[in-house]
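Let's take a quick tour of a protein model, from the inside to the surface. Keep the 3D view open and find each residue as it comes up.

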Amino acid sequence: MIRQAIFELFNDPIYKFIAIIALIQIAMIILAILWLLVPYVVRQHRTAVKNRFNTQLGNSFLYDIEDDDKLEDWIKRANKYPSYILYDFINQYFYYYTQDHPLFPKILYVYEQLGLLRRDVQAMNSKIWHRRIMAIRRLMNVASEREKRTFERCRTDRQMIKIIALQVLGRIGNAGDIFTMIEDHIIDNRMMEQPFYVLFNGLELETFEALMERWNEIQCPRLRQVMLICCARRSPSFAKPWLMDASRSEDMEMRIAFCKSATATEDEELQDRLRKATEDPAWEVRSQAARSLGQIDNDDETPEAHQATVDLLRKMLEEHEDSFWVRQSAAFSLWRKGELGRAALEEIQREGQDRYGVDAATQELERIRTDEYLS
């Protein structure tokens, strides 16, 4: 009778629907429990395997690596462990031991014999970008010229991967390899300039100078600007021909790059061109020229040149100037020109005829007093 009642109950469409909903909810609860339980079990298992590896092999690694026979036995036993354990273990040594460390060649040998180098090179071809980025990070400090072609293929990869590949090529490649990677690269915002400053400053000077020989072939103005600034700071006399070209360029960004770079040289001709840049048609160039004049070390200027710079900045501040930013840059640079500059600011504040010039001088003097009070 009970069986018949249950049968009749489930024949009712409403109760059948309720039963289906209940079963779905039970299934979802079970799946949620498994979703939480499985990762926990996996983590526990991995922790146990890692602890066993450290007990059996990890703690003796630095001792075994000194003996060739022990090292071969260590590698043979280590190969029985999963790759994620081996990666975690070897990577910590690559982090602490640089290439000039005596143990680095043997650690690299272990990395190769465990098949990790081959795995990472293969992972560089993965369609999953996360795998590629993890692989290239591991290869960054261990790759040699044998893997150069692998990094050259990153030319069309994501920006992050391409930049790391460039850093690696800077170590294992030559100027031609780097040029191939950057000749048509576009920097579309200023935030992406910093990695290239790091790249160019980290290159061997000979490699960087060879790269500069093809400066005019680089398509991106911002990239040429970064290269020019780095060159002027690293090798001022070598950079002079390109600085001269940039000062006459029709491209405003190149003229700004010249103004930023000229302060790194003590060349009188370049500094004279920097002063002339304060008359540039573009306010952006005039502003950078004014700011750069303040960055020239006062000790590197003769008393006459120092006075001429102060007079020029004062003229920019006192005479009619459409741009607020140019006036602010001129006021800031006057402060950096020592006693002469500060005296000029105070005189403009007291006796200036141009209201905007007086305002800019007053703001700069107030900022100076605030900084002095806080310090």
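Before we start, "contact" here means heavy atoms within 4.5 Å. Keep in mind that this is a predicted model. With that in hand, we can look at the core, one helix and its neighbours, the cysteines, and a patch on the outside.

**The nonpolar core**
- The largest nonpolar core holds 106 residues.
- Which residues have the most contacts inside this core? They are W74, Y111, I182, F196 and F200.
- Take I182 as a closer look: setting aside neighbours within four places in sequence, I182 is in contact with L166, F196, F200, L211, I218, L223 and M227.
- As background, nonpolar side chains tend to be buried together in soluble globular proteins.

**I85 and its surroundings**
- I85 sits in helix α5, which covers residues 83-96.
- Is I85 buried or exposed? I85 is buried, with a relative accessible area of just 3%.
- Not counting residues up to four places away in sequence, I85 touches R46, V49, K50 and F53.
- How far is I85 from M227? Their C-alpha atoms are 42 Å apart, and 142 residues separate the two along the chain.

**Helix α15 and what it packs against**
- Helix α15 runs over residues 236-247, and its buried residues are A239, W242, L243, M244, A246 and S247.
- Those buried residues of α15 pack against four helices: α13 (205-212), α14 (221-234), α16 (252-262) and α17 (268-276).

**The cysteines**
- How many disulfides does the structure hold? The count is zero.
- C154 shows why: its sulfur is 20 Å from the closest cysteine sulfur, in C220, so that's too far for a bond.
- C231 is in no disulfide either, as the nearest cysteine sulfur, that of C230, is 8.7 Å away.
- For comparison, a disulfide needs two cysteine sulfur atoms within 2.5 Å.
- C154 counts as buried at 3% relative accessibility, and C231 counts as buried at 1%.

**A nonpolar patch on the surface**
- Not every nonpolar side chain is tucked away: a nonpolar surface patch of about 1,100 Å² is made by L23, I26, I29, I30, L31, I33, L34, L37, V38, Y40, V41 and V42.
- L31, one of the patch residues, is found in helix α2, residues 13-56.
- L31 is exposed, with a relative accessible area of 57%, and the cut-off for "exposed" is over 50%.

Technical notes
Residues are numbered from 1 along each chain as its sequence is written. This is a predicted model: local features need pLDDT of at least 70, side-chain atom pairs count only at pLDDT 80 or more; totals for chains, interfaces and linings use all residues. Side-chain values use heavy atoms; hydrogens and water are left out. Patches are made of residues with over 30% relative accessible area and no salt bridge: like charges are joined within 9 Å, nonpolar side chains (Val, Leu, Ile, Met, Phe, Trp, Tyr) within 5 Å. Accessible areas come from the Shrake-Rupley method with a 1.4 Å probe; for residues, only the protein chains shown count as cover. A salt bridge is a side-chain nitrogen of Lys or Arg within 4 Å of a carboxyl oxygen of Asp or Glu. Helices (H or I, at least four residues) and strands (E, at least two) are DSSP runs, numbered from the N terminus. Buried means under 20% relative accessible area, exposed over 50%, partly exposed in between (1.4 Å probe, protein chains only). A nonpolar core is a set of buried Ala, Val, Leu, Ile, Met, Phe, Trp, Tyr and Cys residues joined through side-chain atoms within 4.5 Å.
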